[in-house]
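Colleague: I should like to learn how to read the features of a protein model. May we take them one at a time?

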Amino acid sequence: MSGLEIERKFLVKRGGAYKRVATSNSHIRQGYILCQNATVRVRTRDGKAYLTIKSHSHDGGLSRYEFEKEITQEEASHLFQLCAQPIIDKHRWLVPFAGHTFEVDEFHGENNGLVVAEVELHDKAETYEKPDFIGPEVTGDFHFSNSSLRALPFCKWSNEVPAEYREG
């Protein structure tokens, strides 16, 4: 898959309401190979593995070019050895709502307590409804990007997030 990725990101209210309406969840591990001109990610999810390259955003984090290719588990295992530590560990919950699917990421390890949701859009101006568990938008805030969470984990700045959006 390749093309323009358009998505908005939000904090999620504590309490786990998204779990009660999710249609599925999966465990994700992802690592980042350090690169100046793009984000290079290795991910395993549901027994599959992927290599993803994303351009930097030029519109405040709303959109960017994305290239993704499925790779073998063995290839992923080798590529994880090239990734900067720590590896991001999370569960992703899929929540369909009003014609869109919200991907809710519940982080573990040094990012424990952080839960964010993303919704992918077809167009920057596309309208969408938000479920009640969705909080303030954090699209473009580098603190909440997965690659930034690797370098500066949530445990080091969680007090900057209102308590109603911190689990645990």
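Modeller: Let us begin with a definition: a charge sits over a ring if NZ of Lys or CZ of Arg is within 6 Å of the ring centre and within 35 degrees of the ring normal. Please keep in mind that this is a predicted model.

Colleague: Over which ring does the charged end of Arg29 sit?

Modeller: The ring belongs to Phe80, and the charged end of Arg29 is 4.7 Å from the centre of that ring.

Colleague: How is a pair of two aromatic rings described?

Modeller: Two quantities are used, namely the distance of the centres and the angle of the planes. The structure holds five aromatic pairs. One of them joins Phe154 and Trp157, with 5.0 Å from centre to centre and 90° between the planes. Planes over 60 degrees apart count as edge-to-face, and the pair of Phe154 and Trp157 is edge-to-face.

Colleague: Are Phe154 and Trp157 buried or exposed?

Modeller: Phe154 is buried, as its relative accessible area is 1%. Trp157 is also buried, with a relative accessibility of 3%. The cut-off for this term is a relative accessible area under 20%.

Colleague: Which residues do ring pairs link into a cluster?

Modeller: The cluster consists of Tyr18, Trp93 and Phe133, which are linked by ring pairs.

Colleague: I should next like to understand disulfides. How many does a search of the whole structure find?

Modeller: In general, a disulfide is a covalent bond between the sulfur atoms of two cysteines. Here the search of the whole structure finds zero disulfides.

Colleague: Why does Cys35 form no bond with the closest cysteine sulfur?

Modeller: The reason is distance: the closest cysteine sulfur to that of Cys35 is in Cys83, 12 Å away, which is too far for a bond. The cut-off for a disulfide is 2.5 Å between the sulfur atoms. For Cys155, the closest cysteine sulfur is again in Cys83, but at 20 Å, and this is also too far for a bond. As for accessibility, Cys35 is partly exposed at 41%, and Cys155 is partly exposed at 45%.

Colleague: Let us turn to the strands. In what sense do E3 and E4 pair, and over how many bridges?

Modeller: E3 and E4 pair in the antiparallel sense, over seven bridges. To follow one bridge, start at Arg43, whose partner in E4 is Tyr50. E3 and E4 form a hairpin, and two residues lie between these strands.

Colleague: Which strand pairs with E4 over six bridges?

Modeller: That strand is E5, residues 63-71, and its pairing with E4 is antiparallel. In this case, Leu51 stands opposite Lys69 in E5.

Colleague: Which residues have a positive phi although they are not glycines?

Modeller: Asp46 is one of them, with a phi of about 55°. Asp46 is in the loop between strand E3 (39-45) and strand E4 (48-54), and it is exposed, with a relative accessibility of 57%. Ala98 has a positive phi of about 50° and is not a glycine either. The place of Ala98 is the loop between E6 and strand E7 (100-107), and Ala98 is partly exposed at 47% relative accessibility.

Colleague: Finally, is the peptide bond from Gln85 to Pro86 cis or trans?

Modeller: The peptide bond from Gln85 to Pro86 is cis, and its omega is near 0°. Pro86 belongs to strand E6, which covers residues 84-97.

How values were computed. Residues numbered from 1 in each chain as written. Predicted model: local features only at pLDDT ≥ 70, side-chain atom pairs only at ≥ 80, totals over all residues. Heavy atoms only, no water. Helix = DSSP H or I, 4+ residues; strand = E, 2+ residues; numbered from the N terminus. Buried < 20%, exposed > 50% of the residue type's maximum accessible area, 1.4 Å probe, protein only. Phe/Tyr/Trp six-rings, centres within 6.5 Å; stacked < 30°, edge-to-face > 60°. Pairing = 2+ DSSP bridges.
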